[in-house]
Amino acid sequence: MMKIRIKQATGLDHARMATFGFWASAEAPDTILVRVPAGRDFRDTLKFLPAGIIRHEITHLRQMQELGILGDSFHYAYWLENIVHGYEGNKYEIEARAAETDTSIEYEIINKGEFNV
Ligand SMILES: [Zn+2]
C-alpha cells in the first residue's frame, strides 16, 4: 500500500507540465502534482482524476525510490532513456503505462488536512 499526497501544480511546475502536456507529475518522495486547467477548481479536477493516472505516477514514485534519494538519480536516468529511446520507448514510461490498468496497485491519499477527496 503506497501512501501518497496529491497537490495542485503551481508556478514553474505548472508551466513545465503545461509545456509538455502532462496532467500529473510525480514529485519525490510521495507527491503527485496535478495540473488544473484554466477555469477549473482543484477539488473538481480531483473528482475526474482517473485511477490509471494515479497508478502511473505511483510507479514513477517507486522508480524514484529505487533509483536514489530525492529523485535526482531518477531524473537523469529518465531523461537519458528519453534521449536514447524517445518518450514512447522510455522503459520507465513503458512500466508506468502498464501500471495504469494494474488494479493490484493499492494506494491511500494521506493529505487529508488539505482537502477531502
Ligand atoms: Zn510517465
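Reader: What makes strand 2 (residues 24-27) and strand 3 a pair?

Author: Strands pair if DSSP finds at least two bridges between them, and strand 2 and strand 3 have four, in the antiparallel sense. The strands themselves are DSSP runs of E, at least two residues long, while helices are runs of H or I of at least four residues, all numbered from the N terminus. Look at alanine 24, whose bridge partner in strand 3 is valine 34. The two strands form a hairpin, with three residues between them.

Before we go on: this is a predicted model, in which local features need pLDDT of at least 70 and side-chain atom pairs count only at pLDDT 80 or more, while totals for chains, interfaces and linings use all residues. Residues are numbered from 1 along each chain as its sequence is written.

Reader: Which peptide bond near the hairpin loop is cis, then, and how do you know?

Author: That would be the bond joining alanine 28 and proline 29, where omega is about 0°. Proline 29 lies in the loop between strand 2 and strand 3. For background, most peptide bonds are trans.

Reader: Why is the pairing of the four-strand sheet called mixed?

Author: Go through the pairs. Strand 2 and strand 3 are antiparallel. Strand 1 (residues 2-8) and strand 3 run parallel, joined by four bridges, with isoleucine 6 opposite isoleucine 32 and lysine 7 opposite leucine 33. Strand 1 and strand 4 run parallel too, over three bridges; here methionine 2 stands opposite tyrosine 107, and lysine 3 has glutamate 108 as its bridge partner. Put together, that gives an open sheet with the order 2-3-1-4 and mixed pairing.

Reader: What makes strand 2 and strand 4 edge strands?

Author: Each has a single partner strand, so one side of strand 2 and one side of strand 4 (107-109) have no neighbour in the sheet. On average, neighbouring strands of this sheet are turned by 35° against each other, direction ignored.

Reader: How do you know that helix 3 packs on the sheet?

Author: By its contacts, meaning C-beta atoms, placed from the backbone, within 7 Å of each other. Helix 3 touches strand 1, strand 2, strand 3 and strand 4, and its direction makes about 25° with that of strand 2. Leucine 61 is a nice residue to click on: among its contacts are Ile4 and Ala26.

Reader: What makes the largest group of nonpolar residues a core?

Author: A nonpolar core is a set of buried Ala, Val, Leu, Ile, Met, Phe, Trp, Tyr and Cys residues joined through C-beta atoms within 7 Å. Buried means 20 or more other C-beta atoms within 10 Å of a residue's own; 12 or fewer is exposed, and in between is partly exposed. The largest such core here has 11 residues, including Ile6, Ile32, Leu61 and Phe74. Strand 3 (31-34) and helix 3 (51-67) each supply at least two, and the largest share, four residues, comes from helix 3.

Reader: Why are helix 3 and helix 4 called roughly perpendicular?

Author: Axes are lines fitted to C-alpha atoms, for helices over the stretch in contact, and angles between N-to-C directions run from 0 to 180 degrees. Under 35 degrees is roughly parallel, over 145 roughly antiparallel, 65 to 115 roughly perpendicular, and the rest oblique. Helix 3 and helix 4 (residues 72-89) come in at about 110°, with axes 7 Å apart, and are therefore roughly perpendicular. Where they meet, Gln63, Met64 and Leu67 face Ser73, Phe74 and Ala77.

Reader: How do you know whether glycine 68 and glutamate 106 are exposed or partly exposed?

Author: Count neighbours. Glycine 68 has 14 other C-beta atoms within 10 Å, so it is partly exposed. Glycine 68 sits in the loop between helix 3 and helix 4 and touches Ser73 and Phe74. Glutamate 106 has 9, so it is exposed. Glutamate 106 belongs to the loop between helix 5 (91-99) and strand 4; its C-alpha is 6.4 Å from that of methionine 2, although 104 residues separate them in sequence.

Reader: And why do you say helix 1 lies largely in the open?

Author: Helix 1 (residues 11-20) has 10 residues and the number buried is zero, so the helix lies largely in the open. Just after it, glycine 21 takes a positive phi of about 80°.

Technical notes. Contact = placed C-beta atoms within 7 Å. Lists of a residue's contacts leave out its neighbours within four places in sequence.
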